[in-house]
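This report concerns one molecular structure and the arrangement of its domains. The sequence and the model are shown below.

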2 protein chains.
Amino acid sequence: MASSAFNSDAPVLAPPTIQLERDRTRQNIPTKKQIVDPFRQGLITQGGVGYTQTVVIRSYEVGADKTATLESILNLLQETALNHVWMSGLLGDGFGATHGMVRNNLIWVVSRMQVQAESYPIWGEVVEIDTWVGASGKNGMRRDWLIRSHVTGHVFARATSTWVMMNKHTRHLSKIPEDVRAEISPWFIGNVAIKEDVPEKIIKLNDSAKYMNSNMKPNRSDLDMNHHVNNVKYVKWMLETIPEQFLEGHQLSSITLEYRRECSSSDIVQSLCEPDEDSVEKDGGINLLRGFNMATEICEGSGLLGSLDTWPLKYTHLLQIKGDNKSEEIVRGRTTWKKKLSILPFSTT
Amino acid sequence: MASSAFNSDAPVLAPPTIQLERDRTRQNIPTKKQIVDPFRQGLITQGGVGYTQTVVIRSYEVGADKTATLESILNLLQETALNHVWMSGLLGDGFGATHGMVRNNLIWVVSRMQVQAESYPIWGEVVEIDTWVGASGKNGMRRDWLIRSHVTGHVFARATSTWVMMNKHTRHLSKIPEDVRAEISPWFIGNVAIKEDVPEKIIKLNDSAKYMNSNMKPNRSDLDMNHHVNNVKYVKWMLETIPEQFLEGHQLSSITLEYRRECSSSDIVQSLCEPDEDSVEKDGGINLLRGFNMATEICEGSGLLGSLDTWPLKYTHLLQIKGDNKSEEIVRGRTTWKKKLSILPFSTT
């Protein structure tokens with residue numbers, strides 16, 4: 001507290017605790033479990049412990065090919081996870097911390113995240129996002145998601161993540177205290193969205209990686225409510241390191257992220273990327289499905305030339321903070337890709 | 001069409017028109033006027049011609065201070081405008097073009113946009129966004145918006161925009177054809193969200209501007225469905241040119257944008273910014289309301305030092321494509337700002 005530094009001419013205003021109460025009123029955070037939230041279009045499901053939210057893919061959540069971007073998908077996963085905690089009546093403050101966690105100065109830290117996308121919803125499509133939690137080892141929590149078509153039930157994407165608790169003052173990882181376990185464990189269920197026998201380990205890249213982007217700095221607008229660089233920004237940095245010509249003609253089919261440390265607004269970040277050279281696509285042919293806008297792309301020398309090449313379909317990634325002597329890992333990643341089956345013949349006006 | 005270039009080994013697939021129909025089914029675009037859309041939480045209002053949508057501010061739509069970012073606001077304006085056209089039964093294809101516009105090869109082009117924000121909704125807050133259209137001169141359309149608190153009706157922000165039609169092949173502006181006028185004019189009403197007697201003209205900056213960012217390039221992810229650089233990206237480029245220390249302690253209270261030409265993915269953009277030196281804030285005092293996190297910020301030498309300075313509160317902006325001989329204007333802008341009244345005492349973990 002630096003109250004002595006305050007200018008005594010400054011208007012007298014509500015202290016932070018009152019401000020906090022006022023904001024909680026505006027946010028309308030429930031103190032008891034809710035079953036339905038008509039505004040968020042959310043519903044408690046799976047015998048009272050899961051959460052399902054209906055979402056329409058918005059015009060700005062899709063990319064040039066009119067399908068939801070990975071960034072939008074990741075944002076929606078975060079949003080539904082927080083809304084699940086919101087509905088549970090357990091939301092204390094901040095990013096999904098329960099009342100017990102707030103009492104114990106604990107916050108959630110994500111250690112691993114995996115998304116598998118078979119296909120992506122399009123602009124205007126109605127989807128259902130299911131999310132639920134389970135135990136992960138003795139002191140972790142697993143959170144899973146399914147993104148389904150509202151009409152057909154077709155599963156667009158599956159995701160799973162692992163979380164541990166950290167003391168926000170000491171920054172040390174923490175066991176789950178008994179009062180917190182009592183809050184959250186009734187919500188745990190065993191179903192998994194992605195079946196993995198042995199999670200694939202991601203190797204650490206070094207400076208000999210084939211692709212590298214350096215000197216990346218977070219913008220003010222990349223910081224989330226916790227003043228940390230947003231998870232989605234990490235993924236953007238990773239994917240921007242893959243050559244443009246590849247990205248044009250391919251869609252991400254899976255991504256795994258292993259988090260090592262936080263990145264703050266003053267860090268200078270380097271993104272490394274290495275293709276698996278033995279993962280080159282079998283079909284190097286030209287893709288008919290790109291539709292009749294292809295003519296334009298040929299003229300611009302992008303799409304067609306790109307799709308004539310053959311590309312590896314698996315990539316390893318590393319984001320690190322480049323220090324003078326040593327670098328510090330932020331996150332390791334692994335992506336797999338497939339050819340885009342279609343680019344919509346949407347007027348390029 | 002470049003069909004002769006297609007590889008005959010490529011799998012035979014649905015031609016673009018069938019693909020388009022399939023997508024329209026997934027999008028479920030109505031062919032008749034709808035009154036209620038339960039998924040988008042939209043409702044036709046104002047005697048059958050306006051549109052109101054209920055929206056909960058999502059966790060990733062807010063910045064570090066927990067209030068909705070200007071980018072999110074602009075995204076929501078676009079979204080509700082398109083949903084209004086969706087509900088009208090007039091949506092043909094693309095970005096809000098009506099059936100008549102599609103027949104006439106016409107697209108909408110925005111010429112001016114103005115947003116006034118008194119305050120910003122916070123994470124989890126339920127807002128209502130009203131939008132409606134009106135005539136603008138003989139061949140233009142005005143679209144207005146109000147963003148209100150669902151609980152109190154308090155107006156957070158007002159916005160207005162002007163649109164004209166362009167032939168997508170010739171790229172020339174067009175009069176409104178009679179069949180298109182017949183479609184859209186029944187939706188016109190006279191109410192205005194922002195009363196302006198004479199719209200302020202924005203002067204053109206030159207290279208002597210105080211702040212300048214050069215060599216800005218759109219990323220693949222900045223392109224919208226029309227393969228153009230998204231409007232929101234323009235605003236980001238403009239605002240990033242204002243010094244960080246100013247942005248930390250101030251919130252945007254109004255922005256006006258005058259669009260001159262489109263920007264494509266290959267353009268290299270320069271952002272110029274000039275403060276009105278006579279618009280320096282009256283109260284240079286330290287802001288008590290920043291709350292008790294201020295101690296940290298003092299240590300980091302950011303917030304406090306920033307708020308001790310006095311800053312101009314009005315800025316003129318220009319985005320241009322820097323050519324060798326001459327530069328081409330993309331958009332002129334004008335922003336006004338006020339001191340942030342509070343930064344929520346949200347745990348910085």
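The text that follows treats the domains of chain A, the contact between them, selected salt bridges and two residues with unusual backbone angles.

**Domains and recorded features**

The structure is a predicted model. Chain A is divided into domain 1, residues 29–197, and domain 2, residues 200–349. Two features recorded in UniProt for chain A, both from an unreviewed entry, can be set beside this division. The record places "domain: Acyl-ACP thioesterase N-terminal hotdog" at residues 50–184 of chain A. It places "domain: Acyl-ACP thioesterase-like C-terminal" at residues 208–279 of chain A. The table gives computed values for the two spans.

| Span of chain A | Distance between end C-alpha atoms | Helix | Strand |
|---|---|---|---|
| Residues 50–184 | 12 Å | 23% helix | 41% strand |
| Residues 208–279 | 19 Å | 22% helix | 32% strand |

**The contact between the domains of chain A**

Domain 1 and domain 2 of chain A bury about 2,100 Å² between them, and 58% of this area is on carbon and sulfur atoms. On the side of domain 1 of chain A, the residues that lose the most area to domain 2 of chain A are A:Asp65, A:Glu71 and A:Phe95, which together account for 24% of what that side buries.

Polar and charged pairs also cross this interface. Eight residue pairs are in polar contact between domain 1 and domain 2 of chain A, with both residues at pLDDT 80 or more. The two domains of chain A are also joined by two salt bridges. A:Asp65 forms a salt bridge with A:Lys340, with 3.4 Å between the closest N and O atoms. A:Asp65 is thus named twice here, as it is also among the residues of domain 1 of chain A that lose the most area to domain 2 of chain A.

Which elements give two or more residues to the side of domain 1 of chain A that touches domain 2 of chain A? They are helix H2 (70–88) and strand E4 (106–117) of chain A. The largest share of that side, eight residues, comes from E4(A). By residue class, the side of domain 1 of chain A that touches domain 2 of chain A divides into nine nonpolar, six polar and seven charged residues.

**Salt bridges in the whole model**

Over all chains, the count comes to 38 salt bridges. One of these pairs the side chains of A:Asp179 and A:Arg103, at 3.3 Å from N to O. A:Asp179 lies in helix H4 (residues 178–184) of chain A and A:Arg103 in helix H3 (residues 99–103) of chain A, so the pair ties together parts that are 76 residues apart in sequence.

**Backbone angles**

Most residues other than glycine have a negative phi. A:Gln41, which is not a glycine, has a positive phi of about 55°. A:Gln41 is placed in the loop between strand E1 (36–37) and strand E2 (42–45) of chain A. In chain B, the phi of B:Asn105 is near 55°, again a positive value in a residue other than glycine. B:Asn105 is found in the loop between helix H3 (99–103) and strand E4 (106–117) of chain B.

How values were computed. Residues are numbered from 1 along each chain as its sequence is written. Chains are lettered from A and ligands numbered from 1 in the order in which they are written. This is a predicted model: local features need pLDDT of at least 70, side-chain atom pairs count only at pLDDT 80 or more; totals for chains, interfaces and linings use all residues. Side-chain values use heavy atoms; hydrogens and water are left out. Domain bounds come from an automatic or database domain assignment. Buried area is the accessible area (1.4 Å probe) that two parts lose on being put together, summed over both. A salt bridge is a side-chain nitrogen of Lys or Arg within 4 Å of a carboxyl oxygen of Asp or Glu. A polar contact is a pair of N or O atoms within 3.5 Å; within protein, one must be able to donate a hydrogen and the other to accept it, and residues adjacent in sequence count only if both atoms are side-chain atoms. Helices (H or I, at least four residues) and strands (E, at least two) are DSSP runs, numbered from the N terminus. Ala, Val, Leu, Ile, Met, Phe, Trp, Tyr, Cys and Pro count as nonpolar, Asp, Glu, Lys and Arg as charged, and the others, Gly among them, as polar. UniProt positions are given in the numbering used here, feature names are shortened, and annotations may be inferred rather than shown by experiment.
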